[in-house]
Amino acid sequence: MLLPRSPPITYSCVLRSSSLMVAAMQPRVSQNQNRNGLITLKPAEGAVHSATFVGPIHGLGDTNRGWLDVASLLHTRLSHIKFVLPNAPTSPVTLNGGMQMPSWYDITSLDDKLGQPCTGIADSRATIDQLIAEEVASGIPLDRIVVGGFSQGGAMSLYAGLQYPGQLAGVLVLSGYLAAAEKFALAPEAANTPVAHFHGADDPVVNVQWARESAKMLRELGCSHYTLKEYESLGHSASMEEIADVEAWLAERLPPISGD
């Protein structure tokens, strides 16, 4: 338990790079205050939208603006992809002495994360499921949709993406783990959904051992395409090497199609 006056633990993105490139062909960016500040990056006017990335979903104490630069950078290379960045609800977090902050579910401690109840995770899963369903309703098939996020957002991507009743193009996890494992049930349709899990070997917040245990557990449950890559000397943050790997994986899972 943290002392009341201790700085709160947050899981925000700290991208280890001097700068991000500015897109020559700017996406259409909008924020919907009626949907808790949901940010959407759509392909530029006249460009084709043929795939969607629900994410990057932010971590504890952060907001979607913390990952907007990364989404914008990825969009410069993958201009056919729409990025949908949701915001977590604000709720008390036990880990931080009950302080109210953006959180996808409650975290009680930095120990034994795999066994925590994760109060609120069902509602957050429903939020992600709705975003996926909206993309399908707009004409984007499941095999052209990826769900992904960082830290608590990465945990949500696993929890929602691998329980979704259909096979997505993939699930992306950055510095995350399988939360609420006792409540989790791999959807039969999701057994073949590719998972790319990128994790810092020196992560002091989400220990890399939790990533290894999550991968082992999900493989045993039947997840047949789970890849875990560890980055030496990387803590609880993202590096340009990692983002380059994310870009390459997205390009593989959501390649342009004829007419893009």
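The following paragraphs lead from a strand to the helix after it, then to an aromatic pair and a pocket.

This is a predicted model, in which local features need pLDDT of at least 70 and side-chain atom pairs count only at pLDDT 80 or more, while totals for chains, interfaces and linings use all residues. Residues are numbered from 1 along each chain as its sequence is written, and side-chain values use heavy atoms, with hydrogens and water left out.

A good place to begin is strand β8, which spans residues 145-150 and has six of its six residues buried; here strands (E, at least two residues) and helices (H or I, at least four) are DSSP runs numbered from the N terminus, and buried means under 20% relative accessible area, with a 1.4 Å probe and protein chains only. I145, V147 and G149 point one way from β8, whereas V146, G148 and F150 point the other way, and residues on both sides are buried.

With strand β4 (residues 51-57), β8 pairs in the parallel sense over four bridges, where pairing requires that DSSP finds at least two bridges between the strands, and I57 stands opposite G149 in β8. Strand β9 (residues 170-174) also pairs with β8 in the parallel sense, over five bridges, and V147 has V171 in β9 as its bridge partner. From β8 the chain crosses through helix α3 (residues 152-161) to β9 in a right-handed β-α-β crossover, a term for a path from the first strand over the helix to the second that runs clockwise when the strands point away from the viewer.

Helix α3 is itself mostly covered, with 10 of its 10 residues buried. One of them, Y159, forms a tilted aromatic pair with F184, at 6.2 Å centre to centre and 55 degrees between the planes. Rings of Phe, Tyr and Trp (its six-membered ring) pair if their centres lie within 6.5 Å, and planes under 30 degrees apart count as stacked, over 60 as edge-to-face and the rest as tilted. Because Y159 lies in α3 and F184 in the loop between β9 and β10 (195-200), the pair ties together parts that are 25 residues apart in sequence. Both Y159 and F184 are buried.

Another region to examine is the lining of the largest pocket, whose residues include R35, W104, D123 and L131. Helix α2 (residues 121-137) provides the largest share of this lining, five residues.

Key:
Buried means under 20% relative accessible area, exposed over 50%, partly exposed in between (1.4 Å probe, protein chains only). On a 1 Å grid over the protein atoms alone, a cavity is a set of points where a 1.4 Å probe fits but cannot get out, and a pocket is an open set with protein on both sides within 12 Å along at least five of seven lines; lining residues have an atom within 4 Å of a point.
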